[in-house]
Amino acid sequence: MDMTGEPRDHGNMEARITRLEADFAAMKIDIAVIRATGATKSDIAEVRAEVAEVRSEIRSTVAEAKSVIIMWVAGLVFLAQLVPAAVRLIERYI
């Protein structure tokens, strides 16, 4: 101990500084990795544009599927009305 009552190694200051330097080096590496792999504003804008394009394609595909389903249902309803009449005609002439 010196005259101020502090231990001469200042509470193991040398080891703490060494640990801080190692932590700082690790943080620099982490930041470099984040910068290398992180998304930028332009990356996000590109993804948004792609998502908007996919949404548009999905909407057109759904609209097309709806119209096909409606056509099938209308055709089946028409056939459901036509089949009994056809059966009666066949019975009448056979």
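Me: Which residues form the negative surface patch in this predicted model?
Reply: In this predicted model, the patch in question carries negative charge and lies on the surface of the protein. One of its members, Glu57, lies in helix 2. The residues that form the patch are Asp43, Glu46, Glu50, Glu53 and Glu57.

Me: Does glutamate 57 count as buried, partly exposed or exposed, and what is its relative accessibility?
Reply: Buried means under 20% relative accessible area and exposed means over 50%, with partly exposed in between. Glutamate 57 therefore counts as partly exposed, because its relative accessibility is 45%.

Me: What is the approximate area of the nonpolar surface patch that includes Leu82?
Reply: Leucine 82 is found in helix 2, which covers residues 41-93, and it counts as partly exposed because its relative accessibility is 42%. The patch is made by Leu82 together with Val68, Trp72, Leu76, Phe78, Leu79, Val83 and Val87, and its area is about 800 Å².

Me: How much of the accessible surface of the protein chain belongs to carbon and sulfur atoms?
Reply: The chain has 2 helices and 0 strands, and buried residues make up 0% of its 94 residues. Of an accessible surface of about 8,900 Å², the part belonging to carbon and sulfur atoms is 66%.

Methods. Residues numbered from 1 in each chain as written. Predicted model: local features only at pLDDT ≥ 70, side-chain atom pairs only at ≥ 80, totals over all residues. Heavy atoms only, no water. Patch = residues over 30% accessible without salt bridge, like charges linked within 9 Å, V, L, I, M, F, W, Y side chains within 5 Å. Areas by Shrake-Rupley, 256 points an atom, 1.4 Å probe, with all protein chains shown as cover. Salt bridge = Lys/Arg side-chain N within 4 Å of Asp/Glu carboxyl O. Helix = DSSP H or I, 4+ residues; strand = E, 2+ residues; numbered from the N terminus. Buried < 20%, exposed > 50% of the residue type's maximum accessible area, 1.4 Å probe, protein only. Lys, Arg positive; Asp, Glu negative; His and termini not counted. Charge placed at Lys NZ, Arg CZ, Asp CG, Glu CD.
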